[in-house]
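Me: Pick one spot where charged side chains pair up and go through it slowly for me. I'd like to know who sits where and how open each one is, with a bit of context from elsewhere in the model.

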Amino acid sequence: MSRPADVGVRGRFAAFAARVTDDPRVPLRAGLSGTVATLSLDRPARRNALTRAMSGALLEGLVRAGADPRVRAIVLRGEGPAFCAGDDVPAVRRWCDGDRADAPFDPVTSDAHYLRVCEEMLHLPKPVVVGLTGATAGAGAELACAADYRLAAGSAAIGSRLAAVGHVGNVVLMSRLVGPARATEIYLTGRMVPAGEARDIGLVDQVCAEVDFAAELQATAERFAALPTRSIGLFKELRERSWGQPAEYGLRLQDAYHLRTHTEVADAFEGLDAFAARRPPRFTGQ
């Protein structure tokens, strides 16, 4: 799956949102409210199972949100009663039979599209918040685990379900959240972890009532959008580079990134000035 050719063009997320939202052939909806970009998976009748069209548009939306200086936080959610049930199973079966028209895999390399989307989320220099409703499984669980913050409605549940169809996945990112033993148990049993338990084991960060879900999701993203976005981007970059490394190496790398804030982050000076003046900081994201 190739990266959109004009990712360097700034300020284009709103145009992308208008284009995909007005196109019924694209199962994705997008919008911009203030500094928060929202991407909504839109195949509710199929519990937002991923197709090539959906995952391709999702990747483009994430790339454009990352390149747009107006966007300071991204929300990923699903339309209808579920977030994402994973890859579209009938399309995957057709792929196995030689029909490569709509399965969410690269037709040349066979790379799964969710892989590229997860990579983009992990490296996006802005906070990504995922909102979980209903069922989340398989590739959908990968997307959830790649986000920086997971908010679940009370009726949500997350799991793997891949062993039931003889497939492998939900190892790397889920293990980072809950540890390899718990990730193995979730894979082997095929059970869906209810929202409350998911919060207790670290699989989601927050659970709220159904009636409050949409408002809380937006409010959470707006809180993160008001933070020093450039510092968050450096934090995420450091997180990925230091993961699994020896502590001594990680600490040296952390200090190097800390020093970068002195020369690269305007909000770092605003933070110090605000602290000295005992006033709330006014971050710009730069």
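Reply: Arg239 is partly exposed, at 21% relative accessibility (buried is under 20%, exposed over 50%, partly exposed in between, using a 1.4 Å probe and protein chains only). Keep in mind that this is a predicted model, where local features need pLDDT of at least 70 and side-chain atom pairs 80 or more, while totals for chains, interfaces and linings use all residues. Numbering runs from 1 along each chain as its sequence is written, and side-chain values use heavy atoms, leaving out hydrogens and water.

What does the side chain of Arg239 meet in a salt bridge? The partner is Asp148, at 2.9 Å from N to O (the cut-off is a Lys or Arg side-chain nitrogen within 4 Å of an Asp or Glu carboxyl oxygen). Arg239 belongs to helix H10, whereas Asp148 sits in the loop between H5 and strand E6 (149-153), so this pair ties together parts 91 residues apart in sequence. (Helices, H or I with at least four residues, and strands, E with at least two, are DSSP runs numbered from the N terminus.) Asp148 has a relative accessibility of 23%, so this end of the bridge counts as partly exposed too.

For context, the structure has 19 salt bridges, and two of the others sit within a single helix. Take Arg116 and Glu119, whose side chains meet at 3.4 Å, N to O. Both are in helix H4 (residues 113-123), three residues apart, or about one turn. Their cover is uneven: Arg116 is buried at 17% relative accessibility, but Glu119 is partly exposed at 34%.

Then there's Arg260 with Glu264, bridged at 2.8 Å, again N to O. Helix H11 (residues 247-264) holds this pair, and because the two are four residues apart, about one helical turn separates them. Here both ends are partly exposed, Arg260 at 25% relative accessibility and Glu264 at 32%.

Back to your spot, there is one more thing to see: salt bridges with shared partners link Asp148 and Arg239 with Arg176, Lys236 and Glu240 in one network. So when you look at the tie between that loop and helix H10, follow it outwards through those other three side chains as well.
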